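Me: I am learning how structural terms are applied, and I would like to test a few of them on the model below. Could you set each value against its definition for me?

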Amino acid sequence: MTSLFSIKYWKQLLPFGVMICATLPAFSMEKENPLIVIETKQTALVYRVDGDEVNCYYFGERMGDYQVFQSLALPAKGPLLGTSRGQNFNEAALRVTHHEGVLSTELKYLKHESMPVAEGVTQTIITLKDKVYDFSVEVRFEAYSNEDIISMSTKLKNQEPGPVLLYDYASGYLPLKAGKYFLTSFHGEWYSEMNMQEEELTRGIKILDSKHGTRSTHKLSPAFILGLDQPATENSGRLVAGTVAWSGNWSLVFEKQVNETLQCFGGINGYGSEWALSPGDSFETPQFLFTYSAQGKGLASRNFHRWARQYGLVNGETLRPTLLNNWEGTYFDFDEKKIEEIIKDGAGIGVEMFVLDDGWFGNKYPRNDDGAGLGDWEVNREKLPNGIDHLVKKTQAHGMKFGIWIEPEMVNPASELYEKYPGWILQEPTRDKYRQRNQYVLDMGQAEVQDFVFGVVDRLLSQHPGISYIKWDANSHFSNVGSTYLPQDKQGFVNIAYTQGLYRVLDRIRAKYPDVLMQVCASGGGRVDYGSLPYFHEFWTSDDTDALQRIFIQWGTSHFFPAIAMAAHVSATPGHLTKRVLPIKFRFDVAMTGRLGIELQPSQMSGEEKEFSKMALKTYKEIVRPVVQLGDLYRLVSPYEHNIASLMYVSPGRDRAILFAYHHHFRFGDMFDNIRLQGLDPSAQYRVRDINTLDPGKEKWSETSYSGEFLMNHGFSVISSWGNTDDPLAIGLFGEYTSEVVEIKRVE
Ligand code: GLA
């Protein structure tokens, strides 16, 4: 089986290939009970080899000395990996049937080694083998020192004389010990992604998972926060946060056990994915990434953000352009003239890129709605008689870049592609074929399909070198989980083969077109996962662009994903689905906390709205963008707890910060505590200035400067019902859907 792990993150570590050879001895005390310590700058995960077993003794803040774990007769929290075996009555992270039909797996320790694989990254591999069968498991850790992120994955090797059936094969396993456990998960659906919910775990099993195939993060995100002993708060308290880097079916299992320990593990979802690992084959599971924080959720998020920028996303430290996407402006109803006007108007307000969304292709089956044309990636000659290059030229003539939408993993039955290759779709020949959004899902496990999908992109980009950006969509989940390509006894592999096939295609695209910007989209935020990050620059956070809803969606998303990856667009008012009327400033102020874009028909904006948009885009590009896209996030006031919300970003050198505050639900007389800033240099002096105002030229600008210490301890007062908002230290949130953006700048 193909190595999943190697394809993805290792490509970013290759420059350090020389160091990979320099194997170092593990941090271990080779006495009776060797210790295996996996350390980052702030945290440590400590295992001890107890005879045949490897047990976890500690996960928490880094310490100076771990030898005590060798001598103390402390009870272990749990094993390195929970397998199905006699005396284990808990859910198993690894459950296989050996070639002779034996259902249990008893692993014994063989060896471990540790080595630096990149600057700041140490890999530790612990090798275990079944006591009887030639079935071995390498448990791999990568410790990302500066980001305080640890990744765990496994490599399963079958050297038995017959196939081994895999049922459950988690990537990572964490045994934890606290008095109470509070699980925060992120649930959603189309138009309402990443809603946060927290619950205290009771005895029993709690499973978060996806069985959707493609839109794998719409129902739940493969991410969790586990408050230890107390509910997770923003700035204090111990917690573990983690996620599975896999864009297919995944699962996260939490089981509070008899002895009050909690086992937590995650990886590919074994449900419906039982398959046989042939003799001589091995299988590598994707990364399970986690962090420990003794300072609440805020720190855990910043750890993940830094990791995503450094090791996850494509060019995660390069600023992203603003853009105008025509989807909500036109839907399918456009022609060349209309698009040209949108391009011109977009340039007029100062966006840097135009993206042509769905509806530009199909001739025999024109794509005039979502019922036809998917699969036929030829420009529609009626709508766009002069082709793509004509629009590229028009866009470039305005000094902008050009991007285009595709959905290459899908096909409408009404398409030339389906007429020609009905066997290319996922299907169970004896069952009815189900559709979502009138389309079928192509079987990405098939080599021919992979070549086709790669070809769609390759043709587009080679024939139209002016295309700088691709929005890659996937608007159907799996309905017919079966493949005509895989043999009968390997049907259980279909889910995995799909994601592997997808990654293979994306690898080819990234290798050939490293500079093309790519956005991952799956009916909005259906593929916002760490498995996608290595191929994309950003994701479409949600089809819901209503700024009020977005405050909540983006709040949830920000727990694991950095702003640079989070596409946030200003759309028309009233909102197309919510019907809510929102002021232009509020819409911009919300979208500015991510990668700002516009998603409307500019000709339908009023003159005032256009003027404001022009000013806001300029402000974003010049002042806000570098801080938001590359800075550290501090969530200050949660919209889940208050009728206002506030967050801020601080530049890496702490010389600039941008504060955002919103009044999302107005009740006259509501009183709010001061908004206290975070992340500033306490001894530095800062000036504050409200930006992106409705009254440009009359911004409040502090004549005096304030120390970071003062701004973090006293902060800004919130004036929401009455009071004087002229004071530079007052945030004026008079009335519903008001907002303020404040620049905080170090005095030289
Ligand atoms: C999905 C995407 C939208 C848009 C449409 C086009 O719903 O999330 O942004 O691209 O498809 O059909």
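**Terms and the values behind them**

Reply: The model is a predicted one, and we can begin with two strands, since nine bridges join β7 to strand β8 (residues 135–144), and the strands run antiparallel.

Me: How do you know that β7 and β8 count as paired?

Reply: Pairing requires at least two bridges between the strands, and β7 and β8 have nine, so by that definition they are paired. Within this pair I125 stands opposite R140 in β8, and a hairpin of four residues links the strands.

Me: What makes β6 a partner of β7?

Reply: Strand β6 (residues 107–118) and β7 share 10 bridges in the antiparallel sense, which satisfies the requirement of at least two. Here K108 stands opposite K129 in β7, while in the hairpin, with two residues between the strands, G120 has a positive phi near 80 degrees.

Me: Why is N303 called buried?

Reply: A residue is buried when its relative accessible area is under 20%, and because N303 has a relative accessibility of 2%, N303 counts as buried. N303 belongs to helix α5 (residues 296–312), and, leaving aside neighbours within four places in sequence, its contacts are E147, D148, I149, T291 and Y292.

Me: What makes the link between the side chains of N303 and T291 a polar contact?

Reply: The distance part of the definition asks for N or O atoms within 3.5 Å, and the side chains of N303 and T291 are joined at 3.0 Å, so the polar contact meets that cut-off.

Conventions. Residues are numbered from 1 along each chain as its sequence is written. This is a predicted model: local features need pLDDT of at least 70, side-chain atom pairs count only at pLDDT 80 or more; totals for chains, interfaces and linings use all residues. Side-chain values use heavy atoms; hydrogens and water are left out. Buried means under 20% relative accessible area, exposed over 50%, partly exposed in between (1.4 Å probe, protein chains only). A polar contact is a pair of N or O atoms within 3.5 Å; within protein, one must be able to donate a hydrogen and the other to accept it, and residues adjacent in sequence count only if both atoms are side-chain atoms. Contact means heavy atoms within 4.5 Å.
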